[in-house]
Amino acid sequence: MTVELRHLRYAIAAADHGSFRRAARTLSVEESTLSRRIRDLEDELGAALFVRRASGVQLTYAGERFLDHARRAMGEVTHAVVEVGAIGRGEAGAVRVGIFSSLASGFLADLLREYLIKHPDVRTDVFEGSPSGHLSAVRHHQTDIAFLTGEQEVDGCDRLHLWDERVLVAMPRLHRLADFAALSWEDLHAERFIVSEADPGPEIHDYLVKHLAGLGHHPSIERHRVSRDNLMNLVSIGGGLTLTSEATVGANFPGVVYKPLAGELLPFCAFWSPRNDNPALRRMLSLARIMSNRSGVLQQRSRHKPAAGNQGSILPHP
């Protein structure tokens with residue numbers, strides 16, 4: 001015989017009520033069924049758990065010892081059922097989020113903030129990385145979802161466009177272009193730019209070369225082994241200009257101003273594996289869709305669609 005959970009439930013109920021009859025009524029089973037199952041349990045264990053009297057039942061010493069363990073076992077099972085049920089409903093568990101954008105402000109910051117409020121028991125792991133690294137991790141289920149720029153098709157991944165951000169030029173407050181409402185590429189052809197050697201610096205470098213060289217200019221671009229924050233500090237002291245996106249303006253860098261590049265938009269998409277059945281991921285996708293529709297970004301995009309040459313991976317911050 002294998003000891004089953006029902007044997008533990010019957011024994012615990014009998015001990016709690018001091019009566020097979022009252023225990024059976026509570027569990028909605030026949031008294032004879034409960035009594036027989038407890039007798040089977042006693043036979044399997046080789047010890048009597050209850051002393052049976054006309055007035056009810058009382059635990060033996062062996063019964064007291066057994067019930068101590070049985071209660072703990074049932075408690076663990078109950079806890080497991082509740083915990084796994086919450087995970088299955090997306091109310092608990094974990095979601096791993098790859099980002100390639102600033103969380104200083106904007107759609108992604110708002111999404112993560114609202115998700116944490118709605119699902120406080122879900123562990124949300126957020127980490128930065130390169131687009132190729134994030135997409136590889138998504139395909140191998142090491143990352144649940146990645147938020148990246150560009151609308152490229154990716155094998156093994158589903159994609160959902162969520163929002164757009166303007167491309168901004170970061171410059172010192174006293175720069176000659178600081179009073180312009182918006183800038184064109186022609187305005188920038190004689191400027192010196194700086195980028196980080198770390199991601200996404202290399203792609204920003206290529207983006208600048210693509211647009212400025214297309215106008216017949218050889219851009220001046222310097223690479224620095226610094227973080228994004230220190231790169232912006234270099235901008236503030238006149239080290240050069242750099243590109244960023246709207247989300248980064250929530251971070252305060254004294255002496256730095258941001259001017260939009262006319263007609264330049266960055267499409268941001270979520271990428272995930274269609275084979276990933278993590279309920280916490282599905283809840284995040286559902287919330288992202290709701291917030292995207294609520295903000296009207298998709299309708300805005302139809303009116304301000306970027307040129308075909310700007311649909312690739314354009315990096316959101318230096």
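I take a residue as exposed when its relative accessible area is over 50%, as buried when that area is under 20%, and as partly exposed in between. With that cut-off fixed, I looked up Ser28 in this predicted model and found a relative accessibility of 66%, so Ser28 counts as exposed.

**Entry 1: positive phi**

I noted that Ser28 is found in the loop between α2 (20-27) and α3, and that its phi is near 60 degrees, a positive value in a residue other than glycine. I flagged the value because most residues other than glycine have a negative phi. His141 came up in the search as well, again a residue other than glycine with a positive phi near 60 degrees. I placed His141 in the loop between α6 (131-139) and β5 (145-149), and at 29% relative accessibility I entered this residue as partly exposed.

**Entry 2: helix α3**

I then followed the chain into α3, which runs over residues 31-45 and has 15 residues. From the first C-alpha to the last I read a reach of 21 Å, close to the 21 Å expected at 1.5 Å a residue. Which residues of α3 are buried? I listed Leu34, Ile38, Leu41 and Glu42. Looking down the axis of α3, I saw that these buried residues fall within an arc of 100 degrees, so they line one face of the helix. Just after α3 I recorded Gly46, with a positive phi of about 80 degrees.

**Entry 3: aromatic pairs**

I counted five aromatic pairs in the structure. One of them joins Phe107 and Trp163, which are stacked, at 4.8 Å centre to centre and with 20 degrees between the planes. This pair links distant parts of the chain, since I found Phe107 in helix α5 (residues 107-118) and Trp163 in strand β6 (residues 158-172), 56 residues apart. Both Phe107 and Trp163 are buried.

I next took up Trp185 and Tyr207, an edge-to-face pair with 5.8 Å centre to centre and 75 degrees between the planes. Trp185 sits in the loop between β6 and β7 (192-196) and Tyr207 in helix α7 (residues 201-213), so this pair ties together parts that are 22 residues apart in sequence. I noted that both Trp185 and Tyr207 are buried. I also recorded that ring pairs link Phe107, Phe147, Trp163 and Phe268 into a cluster.

**Entry 4: cysteines and Ser273**

How many disulfides does the structure hold? I found zero. I looked at two cysteines for their exposure: Cys157 is buried, with a relative accessible area of 10%, and Cys269 is buried too, at 0% relative accessibility.

I then turned to Ser273, in the loop between β10 (256-272) and α9 (279-295). With a relative accessible area of 1%, Ser273 is buried. Leaving aside residues up to four places away in sequence, I listed its contacts as Val138, His141, Gly156 and Arg282; among them is His141, which I had already entered for its positive phi.

**Entry 5: the whole chain**

To close, I tallied the secondary structure of the chain as ten helices and ten strands. Of the 318 residues in the chain, buried residues make up 46%. I took the contacts between residues at least 6 apart in sequence and found that 74% of them join residues at least 24 apart. The chain exposes about 15900 Å², of which carbon and sulfur atoms supply 51%.

Methods:
Residues are numbered from 1 along each chain as its sequence is written. This is a predicted model: local features need pLDDT of at least 70, side-chain atom pairs count only at pLDDT 80 or more; totals for chains, interfaces and linings use all residues. Side-chain values use heavy atoms; hydrogens and water are left out. Helices (H or I, at least four residues) and strands (E, at least two) are DSSP runs, numbered from the N terminus. Buried means under 20% relative accessible area, exposed over 50%, partly exposed in between (1.4 Å probe, protein chains only). Contact means heavy atoms within 4.5 Å. A disulfide is a pair of cysteine sulfur atoms within 2.5 Å. The expected span of a helix is 1.5 Å times one less than its number of residues. The arc is that of the directions from the helix axis to the C-beta atoms. Accessible areas come from the Shrake-Rupley method with a 1.4 Å probe; for residues, only the protein chains shown count as cover. Rings of Phe, Tyr and Trp (its six-membered ring) pair if their centres lie within 6.5 Å; planes under 30 degrees apart count as stacked, over 60 as edge-to-face and the rest as tilted.
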